[in-house]
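Here is a short note on the model below. It goes point by point, starting from one hairpin and working outwards.

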Amino acid sequence: MLYTQCRYCARIGPLMCSGTMFPHPTMPLVTTAYGSTCPGCYGVMQLFTCTGCGTPQFLMKLGGSAPAFGAAAGNYAPVVQAKQGASQSMLKELFRAGAKTFMSEAGTDLARSLFGGQSS
Ligand SMILES: [Zn+2]
Ligand SMILES: [Zn+2]
């Protein structure tokens, strides 16, 4: 299961697809070489709209490289992989650890601007 955390309201939720190319039963996305991919319709999800605050943002797999165009706007939602049914506190820990790794690898102002506001 892939989970994302909204940059704006910090809501954590699973990445699901119910059909982009054609309708199919809702299923969780998986990580492939192309990004966050739906195993049902093979659509690659790049833009995610938060179900909490409705803000669209780009998905960024932690540990991967960030495409420059969206990063410039700082409009990124981090994505982590976790077991189905993972608790919110487990997920929060994953996001925190992932952001830390990302920052130490990138070590740039970009990383700070992406994750600097999520200290809670
Ligand atoms: Zn799909
Ligand atoms: Zn939100």
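1. **The first hairpin.** This is a predicted model. Begin with the hairpin of β1 and β2, which has 6 residues between its strands. There, Ala10 takes a positive phi near 65 degrees. The two strands run antiparallel and are joined by 3 bridges. Gln5 stands opposite Ile12 in β2.

2. **The other neighbour of β1.** β1 also pairs with strand β10 (residues 76–81). That pairing is antiparallel too and spans 3 bridges. Leu2 faces Gln81 in β10. Tyr3 has Val80 of β10 as its bridge partner.

3. **Burial along β1.** In a regular strand the side chains alternate between the two faces of the sheet. Are the faces of β1 covered or open? Both are covered. Leu2 and Thr4 are buried on one side, and Tyr3 and Gln5 are buried on the other.

4. **The sheet as a whole.** β1 and its partners belong to an open sheet of 5 strands. The strand order is β2-β1-β10-β9-β8, and the pairing is mixed. β2 and β8 stand at the edges with a single partner strand each, so one side of each has no neighbour in the sheet. From one strand to the next, the twist averages 40 degrees.

5. **A contact across the sheet.** Lys61 is found in strand β9. Its C-alpha lies 4.6 Å from the C-alpha of Val79, although the two residues are 18 apart in sequence. Lys61 is partly exposed, with a relative accessible area of 30%. That value counts as partly exposed because buried means under 20% and exposed means over 50%.

6. **The zinc ion (ligand 2).** Which residues hold this ion? Cys6, Cys9, Cys50 and Cys53 coordinate it, each through SG, at 2.3 Å. In sequence these donors are spaced C-x2-C-x40-C-x2-C. Cys9 and Cys50 link distant parts of the chain, 41 residues apart. Cys9 sits in the loop between β1 (2–5) and β2 (12–14). Cys50 sits in the loop between β8 (47–49) and β9 (56–61).

7. **Geometry and exposure at ligand 2.** Why is the arrangement around the zinc ion (ligand 2) tetrahedral? The 4 donor atoms subtend angles of 104 to 116 degrees, which makes it so. Burial varies among the donors listed here. Cys6 is buried, at 0% relative accessibility. Cys50 is buried as well, with a relative accessible area of 4%. Cys9 is partly exposed, with a relative accessible area of 37%.

8. **The zinc ion (ligand 1).** The protein donors here are Cys17 (SG), His24 (NE2), Cys38 (SG) and Cys41 (SG). They lie 2.1 to 2.3 Å from the ion. The spacing in sequence is C-x6-H-x13-C-x2-C. Angles among the 4 donor atoms run from 101 to 114 degrees, and the site is tetrahedral. Cys38 and Cys41 are both buried.

9. **Disulfides.** How many disulfides does the model contain? The count comes to 0. The cysteines named above appear instead as zinc donors: Cys6, Cys9, Cys50 and Cys53 for ligand 2, and Cys17, Cys38 and Cys41 for ligand 1.

10. **The salt bridge.** The structure holds 1 salt bridge. The side chains of Glu93 and Arg96 form it, at 3.1 Å from N to O. Both residues lie in helix α2 (residues 88–106). They are 3 residues apart, about one turn of the helix. Glu93 is partly exposed, with a relative accessible area of 42%. Arg96 is partly exposed too, with a relative accessible area of 41%.

11. **The chain overall.** The protein chain has 3 helices and 10 strands. From the N terminus on, the elements run β-β-β-β-β-β-β-β-β-α-β-α-α. Of the 120 residues in the protein chain, 35% are buried.

Methods
Residues numbered from 1 in each chain as written. Chains lettered and ligands numbered in written order. Predicted model: local features only at pLDDT ≥ 70, side-chain atom pairs only at ≥ 80, totals over all residues. Heavy atoms only, no water. Donors = N, O, S within 2.8 Å, 3.2 Å for Na, K, Ca; no water. Tetrahedral: all angles 85-135°; square planar, octahedral: opposite > 155°, others 65-115°. Helix = DSSP H or I, 4+ residues; strand = E, 2+ residues; numbered from the N terminus. Buried < 20%, exposed > 50% of the residue type's maximum accessible area, 1.4 Å probe, protein only. Salt bridge = Lys/Arg side-chain N within 4 Å of Asp/Glu carboxyl O. Pairing = 2+ DSSP bridges. Axes fitted to C-alpha atoms, helices over the stretch in contact; angles between N-to-C directions. Disulfide = S-S within 2.5 Å.
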